[in-house]
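This report describes the pockets, surface and charged contacts of one protein model. The sequence and the structure are shown first, and the description follows.

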Amino acid sequence: MTKTIKVNEETHKRLQEAGSKGETFQDVINKILDKAERTDDLEYDLELLKDLEQAEEDAKNGKLIECTLEELEKEIKE
């Protein structure tokens, strides 16, 4: 099943320019969405790395926090 979406002329032009020869608009849109998802994942990974580095530094300086696994999971989800 396919769906039709409306885009203005500028967006249509940008989609054409973003694609390579032989790529459909669906290919181009999926490529853009895949890149956006990878970027989001990378930003998350970088934030997690910063948090881990801070935790390591805190541990070296004797700044440890005790909590249950459930408390930690709740904190991560927020």
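A pocket is here an open set of grid points with protein on both sides within 12 Å along at least five of seven lines. The model examined for such pockets is a predicted one.

**Pockets**

The largest pocket has a volume of about 580 Å³. Its lining is made up of 15 residues, and those lying nearest the centre are Asp51, Ala55, Leu72, Glu75 and Ile76. At least two lining residues come from each of helix 2 and helix 3. Helix 2 gives the largest share of this lining, with seven residues. Sorted by class, the lining of the largest pocket holds eight nonpolar, six charged and one polar residues.

For the second largest pocket, the volume is about 220 Å³. The residues that line the second largest pocket are Met1, Thr2, Lys3, Thr4, Ile5, Val7, His12, Leu15, Phe25, Gln26 and Ile29. Helix 1, which spans residues 9–18, and helix 2 each supply at least two residues of this lining. The largest share, three residues, is again from helix 2. By class, six residues in the lining of the second largest pocket are nonpolar, four are polar and one is charged.

One residue of this second lining, His12, is placed in helix 1. His12 counts as partly exposed because its relative accessibility of 31% falls between the limits of 20% and 50%. Between the C-alpha atoms of His12 and Leu42 the distance is 28 Å in space, and the two residues are 30 apart in sequence.

**Nonpolar surface patch**

Which residues form a nonpolar patch on the surface? The patch consists of Tyr44, Leu48, Leu52, Leu69, Leu72 and Ile76, which together have about 610 Å² of accessible area. Two elements give two or more residues to this patch, namely helix 2 (25–60) and helix 3 (69–77).

Ile76 belongs to the patch and is also among the residues nearest the centre of the largest pocket. Ile76 is found in helix 3. Is Ile76 buried or exposed? With a relative accessible area of 56%, Ile76 is exposed, because the class begins at values over 50%. Leu72 likewise appears both in the nonpolar patch and among the residues nearest the centre of the largest pocket.

**Salt bridges**

How many salt bridges does the model contain? The count is two. The table lists each pair with the separation of its N and O atoms.

| Acidic residue | Basic residue | N to O distance |
|---|---|---|
| Glu23 | Lys31 | 3.2 Å |
| Glu47 | Lys50 | 3.6 Å |

In the pair formed by Glu23 and Lys31, Glu23 has a relative accessible area of 30% and is partly exposed. Lys31 is also partly exposed, with a value of 36%.

The other pair lies within a single element: Glu47 and Lys50 are both in helix 2, three residues apart, about one turn of the helix. Glu47 is partly exposed, its relative accessible area being 44%. Lys50, at 48% relative accessibility, counts as partly exposed as well.

**Summary**

Helix 2 recurs in this description. Helix 2 gives the largest share of the lining of the largest pocket and of the second largest pocket, contributes to the nonpolar patch, and holds both Glu47 and Lys50. Helix 3 contributes to the nonpolar patch and to the lining of the largest pocket, whereas helix 1 contributes to the lining of the second largest pocket.

How values were computed. Residues numbered from 1 in each chain as written. Predicted model: local features only at pLDDT ≥ 70, side-chain atom pairs only at ≥ 80, totals over all residues. Heavy atoms only, no water. Patch = residues over 30% accessible without salt bridge, like charges linked within 9 Å, V, L, I, M, F, W, Y side chains within 5 Å. Areas by Shrake-Rupley, 256 points an atom, 1.4 Å probe, with all protein chains shown as cover. Salt bridge = Lys/Arg side-chain N within 4 Å of Asp/Glu carboxyl O. Helix = DSSP H or I, 4+ residues; strand = E, 2+ residues; numbered from the N terminus. Buried < 20%, exposed > 50% of the residue type's maximum accessible area, 1.4 Å probe, protein only. 1 Å grid on protein atoms, 1.4 Å probe; cavity = no way out; pocket = protein on both sides within 12 Å on 5 of 7 lines; lining within 4 Å. Points joined across faces, edges and corners; volume = space filled by probe spheres on them. Nonpolar A, V, L, I, M, F, W, Y, C, P; charged D, E, K, R; others polar.
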